[in-house]
Amino acid sequence: MERLGLVTGAASGIGRAITERFVADGMRVLAVDIDAAGLAALQREFADHVVTAECDVTSEASVAAACATARDLGGLHVAVANAGRGAFSPIVDHPLEEWQAILDLCLTGVFLTVKHAAPVVHDGGSIITIASLNATQPSAGMSAYCAAKAGVVMLTKVAAMELGARGIRVNTIAPGLVETNATSAFFMVPGVVEEFVENTTVGRFAQPADVANMASFLAGDESSFISGSLLPVDGGAATKRYPDLPAAFARLVAPIE
Ligand SMILES: NC(=O)c1ccc[n+]([C@@H]2O[C@H](COP(=O)([O-])OP(=O)(O)OC[C@H]3O[C@@H](n4cnc5c(N)ncnc54)[C@H](O)[C@@H]3O)[C@@H](O)[C@H]2O)c1
């Protein structure tokens, strides 16, 4: 039977690369996102191998509807809670609405995806959440994102405990800097990418396919003894020091001499 995977935030970046990799692995993918144009492009490219649906992971009704579609398609073998974004602001200036928006998307969105996907994941299936290097390595100016991603790690462990009896494994991937739309600002500020690269042991930043490789591994049987784990895909960055983002962004707004 063709395996079915759910990927949230599938229209761009890491989610798109995971969708592409799952299709290459012989899976069918229910690709969901709030970006209708991005989903349409995905549909054109992958035709019958993907089913697309608009879904806002911060809305319980929307996530429940996407998971009902997954059930109608025969149930899930893999679910990937990927949708997320960051925000930059020192805590003392952080607007509460933005704090809440990041927590809603990056933490509650993952909770809702796991909550509604788990009942339609077949016994023995795999659930993957996308955390970040920032789940373990803090960045000044990214309090909401760091807190949300740290929360994803613990949520993942609890989900692994609760779903283990059904043979469902739940793991989280913690990527370092990946070149996507979400990180385009880092590539525009002189010196930031260099600091990220300096923070790795392998001397480069990642492409979305690097994360998709790990997702493919976690989706398959070769990872059958791995659950409740945080798997870094960060080029060794966790051994070093996160870039000084406040200093970098201050350079951006400093007057040119
Ligand atoms: N790019 C990196 O360096 C990096 C590093 C660590 C972790 N991550 C994490 O990887 C995940 C994907 O990030 P990316 O870099 O591919 O970003 P991206 O901006 O390229 O893609 C994110 C996708 O999520 C979608 N999305 C946003 N809000 C949504 C919502 N409410 N419901 C459904 N979909 C929504 C967007 O439309 C977009 O298609 C995020 O959770 C991010 O925090 C990224």
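1. In this predicted model, two helices stand out in the surroundings of the ligand, since α1 (13-24) and α5 (143-163) each supply at least two residues of the shell around the ligand. The shell as a whole comprises 28 residues, and among the closest of these are Ser12, Asp33, Asn82, Tyr145 and Thr180.

2. As to the chemical character of that shell, its residues divide into 14 nonpolar, 10 polar and 4 charged, a split that a reader setting up the ligand environment may wish to have at hand.

3. Polar contacts to the ligand involve both side-chain and backbone atoms of the protein. An oxygen atom of the ligand lies 2.6 Å from an N or O atom in the side chain of tyrosine 145, a residue that also appears in the list of the closest ones. On the backbone side, a polar atom of glycine 176 is 3.4 Å from an oxygen atom of the ligand, while a nitrogen atom of the ligand is 3.4 Å from a polar backbone atom of cysteine 55.

4. Taken alone, the ligand exposes 830 Å², of which the protein buries 89%; with regard to its location, the ligand sits in the largest pocket.

5. On confidence, the chain averages a pLDDT of 96, and 98% of the residues score at least 70. Within the chain, the lowest confidence falls in helix α9 (residues 245-253), with a mean of 84, whereas the highest, at 99, belongs to strand β1 (residues 4-8).

Conventions: Residues numbered from 1 in each chain as written. Predicted model: local features only at pLDDT ≥ 70, side-chain atom pairs only at ≥ 80, totals over all residues. Heavy atoms only, no water. Near = heavy atom within 4 Å. Polar contact = N/O pair within 3.5 Å; in protein donor to acceptor, adjacent residues only side chain to side chain. Areas by Shrake-Rupley, 256 points an atom, 1.4 Å probe, with all protein chains shown as cover. 1 Å grid on protein atoms, 1.4 Å probe; cavity = no way out; pocket = protein on both sides within 12 Å on 5 of 7 lines; lining within 4 Å. Sits in = over half its atoms within 2 Å of the grid points. Helix = DSSP H or I, 4+ residues; strand = E, 2+ residues; numbered from the N terminus. Nonpolar A, V, L, I, M, F, W, Y, C, P; charged D, E, K, R; others polar. pLDDT = per-residue confidence, 0-100.
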